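Here is a friendly walk through one model, written for someone who likes to check contacts and pairings alongside the coordinates. Keep the viewer open as you read.

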Amino acid sequence: MEKLNDYTRLQDFNLFENLSRDDLEPIAREATVLSFDQGEVVCEEDSESDSMFFIHSGSVTVSKQGVTLAVLKSGDYFGEMSLITGTSRNATVTTVEPSVLYEISSVEFDRIFERLPRAMYRLLVTYDARLRRHNNTVVEQFMKLKEQYEDLESAHQRLLLSDKMASIGLLTAGIAHEINNPLFVIRGYLDVIRQGLDSGGVSAEELAGIMTKLDTASKSIAKLVAGIKTY
């Protein structure tokens with residue numbers, strides 16, 4: 001494995017900002033240079049954590065259970081949280097393109113923060129920036145979900161209205177059919193009466209029967225209209 005040795009390369013990372021040569025040289029001597037091709041896994045979720053990584057060139061994705069959480073580029077670093085908490089890694093890191101990383105062991109990590117309080121300060125500044133980015137991402141995602149929900153609700157209301165209009169259309173067709181039947185009876189008997197009056201061949205008994213039929217038909221219409229009004 002190739003050791004970094006050149007302390008000036010560490011100055012590209014804000015974690016080591018304003019640290020002296022004397023501070024950085026011991027770290028550089030212990031840092032290992034690693035090269036990865038595109039699509040290679042640097043570390044896996046739930047694996048043992050024994051080092052952290054600094055991205056010299058290239059970029060990586062940080063994902064959890066297949067969901068991408070972040071894309072880190074040159075100048076970023078990762079893996080320090082599991083070293084601080086002493087737990088296994090909580091995400092999988094995969095290279096997006098050919099990348100060169102510097103690896104620092106957990107032992108050297110502990111030494112850095114034992115003798116360099118300023119590094120801890122820079123680490124806290126980095127966490128603050130990450131949390132702010134994460135918060136902005138969460139807010140953006142919430143606003144997108146809210147917009148999608150409103151679109152779905154609008155589509156739902158349009159669908160309900162469409163269903164109501166379809167129901168009204170079926171109801172209207174049924175009403176028209178129910179009214180047309182007694183109206184057909186009424187028109188038919190009116191024609192009979194008219195023809196009978198013209199020929200003078202309608203008896204009082206026949207008129208009485210016709211009147212009964214007309215009365216039944218008209219009551220049928222009245223009942224139907226009353227039912228519609230109630231509905």
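Contact here means heavy atoms within 4.5 Å. With that cut-off, Asp23, Pro26, Ile27 and Glu30 in helix H1 meet Glu108, Ile112 and Arg115 in helix H3. Please keep in mind that this is a predicted model.

**The helix pair**

Two packed helices are described by the angle between their axes and the distance between the axes. For H1 (residues 21–30) and H3 (residues 106–115), the axes come within 11 Å and cross at roughly 175°. Angles over 145 degrees count as roughly antiparallel, and H1 is therefore roughly antiparallel to H3. Sorted by class, the residues in this contact comprise 3 nonpolar, no polar and 4 charged ones.

**The open sheet**

Next, the strands. An open sheet is formed by 4 strands in the order E3-E8-E5-E6, with antiparallel pairing. Strands E3 and E6 (67–73) are at the edges with a single partner strand each, so one side of each has no neighbour in the sheet. From one strand to the next, the twist averages 30°.

The table lists strand pairings, both in this sheet and around strand E9.

| Strand pair | Sense | Bridges |
|---|---|---|
| E3 (residues 41–43) and E8 | antiparallel | 2 bridges |
| E5 (residues 59–64) and E8 | antiparallel | 4 bridges |
| E5 and E6 | antiparallel | 6 bridges |
| E2 (residues 32–36) and E9 | antiparallel | 5 bridges |
| E4 (residues 51–57) and E9 | antiparallel | 6 bridges |

Val93 is a handy residue for tracing the sheet, and its place is in strand E8. Cys43 stands opposite Val93, and Val62 has Val93 as its bridge partner in E8. Val62 also has a bridge partner in E6, namely Ala70.

Is Val93 buried or exposed? At 4% relative accessibility, Val93 counts as buried, because the cut-off for buried is under 20%. Beyond residues up to four places away in sequence, Val93 touches Glu40, Val41, Val42, Cys43, Val60, Thr61, Val62 and Phe78. The rest of E8 fits this picture: Thr92 and Thr94 on one side, and Val93 and Thr95 on the other, are all buried, and both faces of the strand are covered. For a sense of scale, Val93 and Ala204 lie 111 residues apart in sequence and 102 Å apart in space, C-alpha to C-alpha.

**A buried arginine before E8**

Where is Arg89 found? Arg89 sits in the loop between helix H2 (80–85) and strand E8 (92–95). With 5% relative accessibility, Arg89 counts as buried. Setting aside neighbours within four places in sequence, the contacts of Arg89 include Cys43, Glu44, Glu45, Asp46, Ser47, Glu48, Ser49, Asp50 and Ser51, as well as Phe53, Gly79 and Ser82. Cys43 is 46 residues from Arg89 along the chain, and their C-alpha atoms are separated by 7.9 Å. Cys43 thus links two parts of this account: Cys43 is in contact with Arg89 and stands opposite Val93 in E8.

**Strand E9 and its partners**

Finally, consider strand E9 (residues 99–105). Of its 7 residues, 5 are buried, so E9 is largely enclosed by the rest of the structure. Glu103 in E9 is a good place to look: Thr32 stands opposite Glu103, and Phe53 has Glu103 as its bridge partner. Phe53 is also one of the residues in contact with Arg89.

Technical notes. Residues numbered from 1 in each chain as written. Predicted model: local features only at pLDDT ≥ 70, side-chain atom pairs only at ≥ 80, totals over all residues. Heavy atoms only, no water. Buried < 20%, exposed > 50% of the residue type's maximum accessible area, 1.4 Å probe, protein only. Pairing = 2+ DSSP bridges. Axes fitted to C-alpha atoms, helices over the stretch in contact; angles between N-to-C directions. Parallel < 35°, antiparallel > 145°, perpendicular 65-115°, else oblique. Nonpolar A, V, L, I, M, F, W, Y, C, P; charged D, E, K, R; others polar.
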